Amino acid sequence: MKFTLSWLKDHLDTNKDLDTIVDTLTNIGLEIESVEDKSKDFKDFTVAEVLKADKHPDADRLKVCTVKSIDGTFQVVCGAPNAREGMKGIFAPENSFIPGTGVKLKKSNIRGIESCGMLVSEREMGVSDEHDGIIEVDSKYSLGEKFIKIFDLDDPVIEINITPNRGDCLSVRGVARDLAAAGLGKLKENTLIKNIAGTFDSPVQWEKDFSGDNEYICPGVAGRYFKNVTNKESPSWLQQRLKSIGLRPISSLVDITNYITHDLGRPLHVYDADKISGNLKMRYAKESENCLTLDEEKRECTKDMIVISDNKQLHGIGGIMGGLDSSCTFDTKNVFLETALFDPISVTKTGRHLKLQSDARYRFERGIDPTSIHWGVQAATKMILDLCGGEASKPVQTPILEDAKNTFNFNTDRIKSLGGVDIPKDKQKFILESLGFVVSENSNVFKLTTPSFRPDIEGEADIVEEILRIHGLDQIPLTNVVDQNTKKDVLNAELKSFYKLKRAIANTGYIEAVTWSFMEEETARLLSANVIKIKNPISADLNVMRPSNIPNLLLVVNQNKSKMISSGKIFEVGPIFDETLEDKQINVATGIAYGNIFGNNWNSPKKDFDVFGIKSDLMKILKSLNTPIENLNYESIKNKVFHPGKSASLRIGKNIIANFGELNPILLKSLDISNRVVAFEIYTSTLAQFQNKKTSTISAFDNNPFQMVERDFAFSIPKSIKANDIINKIKKIDKKV
């Protein structure tokens with residue numbers, strides 16, 4: 001949303017400077033995007049007089065001009081056809097920056113003639129695309145007068161970011177209202193809205209063809225007929241306003257609609273009435289019906305789009321853009337006005353389908369003031385009669401569906417309980433009334449009626465937010481959420497293990513990924529028979545909750561291979577879901593590794609990840625989390641995720657700590673993965689028990705007084721005996737081993 005400082009002051013009676021206004025806008029939630037003050041960029045450009053304009057001796061199209069400026073007389077080589085003796089133009093001295101070309105001006109030699117400075121065109125100054133000649137200013141201006149003053153460029157342009165719920169601030173008046181509530185001045189009376197009755201009956205009527213539940217797709221439309229208007233160029237003040245916010249002036253009739261859209265937040269459209277056959281009707285489009293819009297594109301409509309038509313053809317797409325066939329030109333004599341209300345969701349769907357953005361769509365889809373269907377007609381009428389003359393008919397409209405007023409009670413104590421700030425009741429009332437609320441006071445309870453332009457206000461929490469932002473978010477005292485006098489840990493053991501685990505895995509060389517908590521049912525069924533289905537999936541291939549993180553991580557493998565990344569280590573810490581679990585979900589840290597264990601370097605040894613590689617990583621991670629790895633028991637895994645003969649489950653007592661090993665070839669084949677992939681799963685909840693235990697210090701070195709004797713032993717053991725069983729037997733013989 002863009003506007004100039006002087007435009008803002010048309011609605012806000014204030015003596016505050018630009019910096020104060022800018023700071024206040026940010027503090028009340030209307031974040032500043034940029035502030036453009038051209039007075040600094042154009043301070044060197046002034047009015048100068050051409051004393052002489054002689055032909056260049058070596059170039060037919062160049063002239064050698066003697067230019068008198070406030071700083072002296074200079075010789076300038078100029079190629080403009082309108083450069084002549086006695087004219088006044090805008091002089092750019094040496095070392096000035098030319099904004100339209102991005103060039104810093106230097107003294108130069110052009111065809112053997114020295115040129116000091118230049119006489120500039122409008123395009124070189126960046127104010128328009130006109131470049132056929134240099135700027136010629138009226139003789140009434142004296143030498144040295146500033147370019148910015150003559151072209152009204154000394155007016156700073158402010159751009160703010162508007163959140164989707166603040167459609168009321170997509171108007172200069174809406175911004176002024178918020179600033180007035182914040183104490184920066186007084187909101188002026190809106191002089192554009194005056195009741196003009198009209199002198200004749202309109203020959204064109206508005207019609208609406210919606211019924212039943214579809215009535216609210218277009219709650220109503222109003223307008224009026226104007227005859228004998230004179231459509232011409234807009235006055236300079238209106239053109240300058242539109243140019244300052246990046247809009248191109250077209251004609252008075254079109255410029256009026258653009259001005260009111262930005263000034264009051266009321267989108268309008270004007271039709272050349274002589275190009276309309278019969279009445280205009282709001283209706284649904286017919287399948288594959290086409291509309292030639294103002295951007296000269298033919299748009300194919302669908303049956304759920306609102307269109308405006310006469311007896312022969314379409315003349316616009318509701319809430320988005322008008323049609324070219326009935327657009328106003330300088331030859332237009334009779335005009336028919338549209339001020340309509342449209343359902344925001346319908347406008348959004350239509351705009352997205354057509355890939356068409358406009359100022360009207362931007363406002364309609366955020367919600368406009370429904371009462372503007374009435375006062376919008378009057379505002380447009382006043383401007384059209386003032387600038388284009390002619391006569392106005394009596395207003396015409398369809399039946400209009402009125403929204404019920406939103407009224408509720410607000411306890412003033414909620415400011416303290418919800419916002420943490422003690423604001424006096426009188427100030428709360430002043431803020432709310434300044435924002436347009438109707439306030440009826442009863443002790444510490446306000447009965448509030450929300451203004452029609454604030455459909456986003458629903459209850460007490462919204463009112464607290466409104467009062468706090470106008471009071472000033474910077475006025476909320478800072479409070480330390482951590483009690484400095486307590487020595488208790490902020491995080492419990494489970495949260496400690498969650499965050500420590502992430503760091504530990506990353507420190508082992510794994511890259512964190514965040515994947516969907518959903519997956520395809522066919523793949524999920526390979527892993528578990530107790531999958532949880534989603535009633536309203538976002539897509540057909542994400543229709544169940546994931547029973548394991550591994551399949552989602554495996555999708556990265558082929559993506560990486562397509563980008564010539566043939567090895568990697570990836571992890572994710574997040575929930576998995578299963579009907580058999582106590583809360584139907586648990587947190588699991590999952591990591592996978594594939595390809596060359598030493599990376600992709602051409603000089604690296606060729607050794608792929610295997611069971612022992614993933615076990616080594618897993619043990620480092622568990623040890624860093626105080627897990628007593630010497631007490632771990634190894635058991636075989638009987639699930640469909642891991643390879644039945646190349647994997648193991650780690651337990652302490654009955655608690656499972658982790659799984660590791662190669663992945664099941666059936667799972668890999670179902671995901672079209674040809675690599676050998678190894679993985680681990682760590683159950684975060686079982687690690688919590690180790691997080692509050694302090695790490696023991698290293699025992700003192702005990703030097704053995706006896707000479708060391710080494711002897712190798714070899715044992716022949718049946719394959720049925722597990723290595724872990726042997727280690728446990730040795731530990732029972734001597735606890736110090």
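The legends below describe close-up views of a predicted model. Residues are numbered from 1 along each chain as its sequence is written, and side-chain values use heavy atoms, with hydrogens and water left out. Because the model is predicted, local features need pLDDT of at least 70 and side-chain atom pairs count only at pLDDT 80 or more, while totals for chains, interfaces and linings use all residues.

**View 1. The open sheet of 7 strands and helix α18.** The strand order is β31-β34-β35-β39-β38-β37-β36, and the pairing is mixed. Helices (H or I, at least four residues) and strands (E, at least two) are DSSP runs, numbered from the N terminus; two strands pair if DSSP finds at least two bridges between them. The edges are held by β31 (511-512) and β36 (633-635), each with a single partner strand, so one side of each has no neighbour in the sheet. Helix α18 (residues 611-624) packs on the sheet and touches β34, β35 (585-594), β36, β37 (642-652), β38 (655-663) and β39 (677-683). Contact here means heavy atoms within 4.5 Å. The direction of α18 makes about 150 degrees with that of β38; axes are lines fitted to C-alpha atoms, for helices over the stretch in contact, and angles run from 0 to 180 degrees between N-to-C directions.

**View 2. The β31 edge.** Strands β31 and β34 (residues 568-577) run parallel and are joined by 2 bridges. Glutamate 512 lies opposite phenylalanine 571 of β34.

**View 3. Strands β4, β5 and β6.** β4 (residues 46-55) pairs with β5 (residues 63-69) in the antiparallel sense over 6 bridges, with lysine 55 opposite lysine 63 of β5. β5 also pairs with β6 (residues 72-78), in the antiparallel sense over 7 bridges. Here lysine 63 stands opposite cysteine 78 of β6. The hairpin that joins β5 to β6 passes through 2 residues.

**View 4. The sheet of β28, β30 and β29, with α14 across it.** These 3 strands form an open sheet in the order β28-β30-β29, with antiparallel pairing. β28 (407-411) and β29 (438-442) are at the edges with a single partner strand each, so one side of each is left without a neighbour in the sheet. From one strand to the next the twist averages 25 degrees. β28 and β30 (residues 445-449) pair over 5 bridges in the antiparallel sense, and phenylalanine 410 faces phenylalanine 446 of β30. Helix α14 lies across β28 and β30 and runs at about 65 degrees to β28.

**View 5. The crossing of helices α13 and α14.** The axes of α13 (residues 425-434) and α14 (residues 460-471) come within 10 Å and cross at roughly 95 degrees. The two helices are therefore roughly perpendicular to each other (angles under 35 degrees count as roughly parallel, over 145 as roughly antiparallel, 65 to 115 as roughly perpendicular and the rest as oblique). Lys427, Gln428, Ile431 and Leu432 of α13 meet Ile463, Glu466, Ile467, Ile470 and His471 of α14. By class, the residues of this contact divide into 5 nonpolar, 2 polar and 2 charged (Ala, Val, Leu, Ile, Met, Phe, Trp, Tyr, Cys and Pro count as nonpolar, Asp, Glu, Lys and Arg as charged, and the others, Gly among them, as polar).

**View 6. The largest cavity.** The lining consists of Leu341, Pro370, Ile373, His374, Ile400, Leu401, Glu402 and Asp403. A cavity is a set of points, on a 1 Å grid over the protein atoms alone, where a 1.4 Å probe fits but cannot get out; lining residues have an atom within 4 Å of a point. The lining has 5 nonpolar, 1 polar and 2 charged residues.

Terms used: On a 1 Å grid over the protein atoms alone, a cavity is a set of points where a 1.4 Å probe fits but cannot get out, and a pocket is an open set with protein on both sides within 12 Å along at least five of seven lines; lining residues have an atom within 4 Å of a point.
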